[in-house]
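Q: I have a structure to look at and would like to learn how to read its features one at a time. Could you take me through it?

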Amino acid sequence: MTVDPPASGSPAVLPAGPALGPDRIEALDVLRGLAVLGILLMNIQSFGSPGDEYMNPAARGTPSGLDLAIWATSHVLADSKFMTLFSVLFGVGIAIFAGRLEHRGRKPAGLHYRRMGWLWLIGMLHGYLLWYGDILVSYAVCGMVVFWLRSLRARWQMLVGTLMIAVPSLLLAGLAAAVPHLPPEALDGLRESWQPSGDAVARELAAMRGSWLQQMPQRAAETFNMQTLVHLLFVAWRCGSLMLWGMAGLQLGVVTAGCSRRFYLGLLAVGAGVGLPLILLGLRRNLLLGFDMEDAMLRGFQFNYWGSLGLAAAYLALVMLMVQSRSLPAVRRSLAAAGRMAFSNYLGQTVICTTIFYGHGFGLFGRTERWQQLAMVLAIWALQLAISSWWLARFRFGPMEWLWRSLTYWRRQPLRRQLST
C-alpha cells in the first residue's frame, strides 16, 4: 500500500482532509468521539467490579453463559482498541497545538508544558479523589517527552514508536521465562495479583461500598500503583509510542482522511485480518486453560497486546472511509460532538459511574452482572451524545476543554456562542 502525500503546507497546521470550520478537523473529532465512548466498554468493569476482574474475568469465579459472552465480546472488540485510538489522537493533538503556534510565529514549548502540567494536576485529582483508573497523568508525562520528537520525519516517528511499544511485550516475555526461577514469595505475589484471596476481595468490596473517605485508602493505593509500577512498565511505553504514531499519521494524512480510499480499504483489511485472528487465538487459549495465571497473564496477554493495534487501525480506517464518503451524516455529527468534548465526557463518565457504583452514591460496586453494566454503557452513551450536541450548539467548548484552554493560556477564554436571532 502507498500513502498519498498530505496537503501542501505544514501538516501540523493544515492537515489533509475535510474540516469543521477553520480550527476543527472532522475526521479527528469523529474518531475521538468513537474512542471516548468506546473506552467506557472496558472502564465500566473497573468502576463496577474489583480491579482484578478487568484482566482476569475468573477472579471471582469462572464466567459462563451471557456473562462470559459479554466479557468475550468486549475483550475482542474493545479491550485496548479504543485506548489505542485515544493515545494516537493525543499525539496528533500535541503536534497540531505546537504546529499552529509555530505557524503564528510563537514558540510552543512554554505553553505546551503549562498545558501538560495542568493536565497532570487534573489527572492527579481525578485519580486520588475519584477513580484509580485515571490515564491523564500518564498522558501528561508522556506528552512532555514526545513533544521533542514531533519534528522528526514520519518514518522515524514510526520506527521509534515501534521500538518503544515492544518494550512491555519483551518485559512480560522475560518475566514468563523467569517464572521457574522465581522465589516462592515472588510467585505468590504474582498469583495474588491475578487471583486475589477472598479476604482481599472482601476488603475492596467493603471499602468501595463505604463512604468517600472510607474509599480513600483503597483508591490511593491503587492510584499510586497505576502511576508508578504500571506506568513505568507498561503505560508509558505503549502510550508514548502511540502518540508518536499519531504524529506520523498526521504528517502522512492518515488520521485526517487525507489518503486514498484504496489505502483505507487496505488498512481495514490488513488491520482486521491480522488483529482479529490474533485476539481470537489468545481468547481461545485463555478459555481452554481456564485463565491460568502463568499462561493468561504472562503469555496469553501478548495476543491482545499486538492484535489490538491491528483492530484499532481497522476502526480508524472505517471512520476515515465514512468521513470521505460523507455517509451517515447524523452519526458523524453526533460522534464529532462527543469528540469535541472528549475531556469532559471522559471525566463525566467517572462522575456518573462512581455515583452508580461507589458507596457515596448507590453502592452497586460488585453487585451488578455484565449485562447490567452493558445496559448502563448504552444509557451513558445516549446521554453523552445528546448532551454534547446540545452543549456545543450553545457553547464553543466543553466545560473541561474550556477550563484547560483557559488555564493553558492563563486567560479566560470566550465560552458562549453568539446565537443568531
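A: Let us begin with a helix and what surrounds it, keeping in mind that this is a predicted model. In helix 11, the buried residues are Phe263, Tyr264, Gly266, Leu267, Gly271, Gly275, Ile279, Gly282, Leu283 and Asn286.

Q: How should I think about spacing in a helix, and what covers the buried residues of helix 11?
A: In general, an α-helix has 3.6 residues a turn, so residues three or four places apart point the same way. Here, the cover over the buried residues of helix 11 includes helix 3 (65-77), helix 4 (81-103) and helix 12 (293-325).

Q: What span should the 28 residues of helix 11 have?
A: At 1.5 Å a residue, helix 11 (residues 261-288) should span 40 Å, and this agrees with its end C-alpha atoms, which are 40 Å apart. After helix 11 comes Gly290, which has a positive phi, near 65°.

Q: How many salt bridges does a search of the whole structure find?
A: The general idea is that side chains of opposite charge can pair when their charged atoms come close. The search of the whole structure finds five salt bridges. One of them joins Glu26 and Arg326, at 2.7 Å from N to O, and this pair links distant parts of the chain, with Glu26 in helix 1 (residues 26-38) and Arg326 in the loop between helix 12 and helix 13 (329-340), 300 residues apart. Glu26 is buried at 5% relative accessibility, whereas Arg326 is partly exposed at 43%. Another pair is Asp67 and Arg370, with their closest N and O atoms 3.3 Å apart; because Asp67 lies in helix 3 and Arg370 in helix 15 (residues 370-392), the pair ties together parts that are 303 residues apart in sequence.

Q: Why is there no disulfide bond between Cys239 and Cys142?
A: A disulfide is a covalent bond between the sulfur atoms of two cysteines. The sulfur of Cys239 has its closest cysteine sulfur in Cys142, but at 5.6 Å the two are too far apart for a bond, and the whole structure has zero disulfides. Cys239 itself is buried, at 5% relative accessibility.

Q: Which residues form the nonpolar patch on the surface?
A: Trp120, Leu121, Leu125, Leu129, Val141, Trp212 and Leu213 form the patch, and together they have about 600 Å² of accessible area. Helix 5 supplies the largest share, four residues, and helix 10 (212-252) supplies at least two. Trp120, which lies in helix 5, counts as partly exposed at 35% relative accessibility.

Key. Residues numbered from 1 in each chain as written. Predicted model: local features only at pLDDT ≥ 70, side-chain atom pairs only at ≥ 80, totals over all residues. Heavy atoms only, no water. Patch = residues over 30% accessible without salt bridge, like charges linked within 9 Å, V, L, I, M, F, W, Y side chains within 5 Å. Areas by Shrake-Rupley, 256 points an atom, 1.4 Å probe, with all protein chains shown as cover. Salt bridge = Lys/Arg side-chain N within 4 Å of Asp/Glu carboxyl O. Buried < 20%, exposed > 50% of the residue type's maximum accessible area, 1.4 Å probe, protein only. Disulfide = S-S within 2.5 Å. Expected span 1.5 Å × (residues − 1). Contact = heavy atoms within 4.5 Å.
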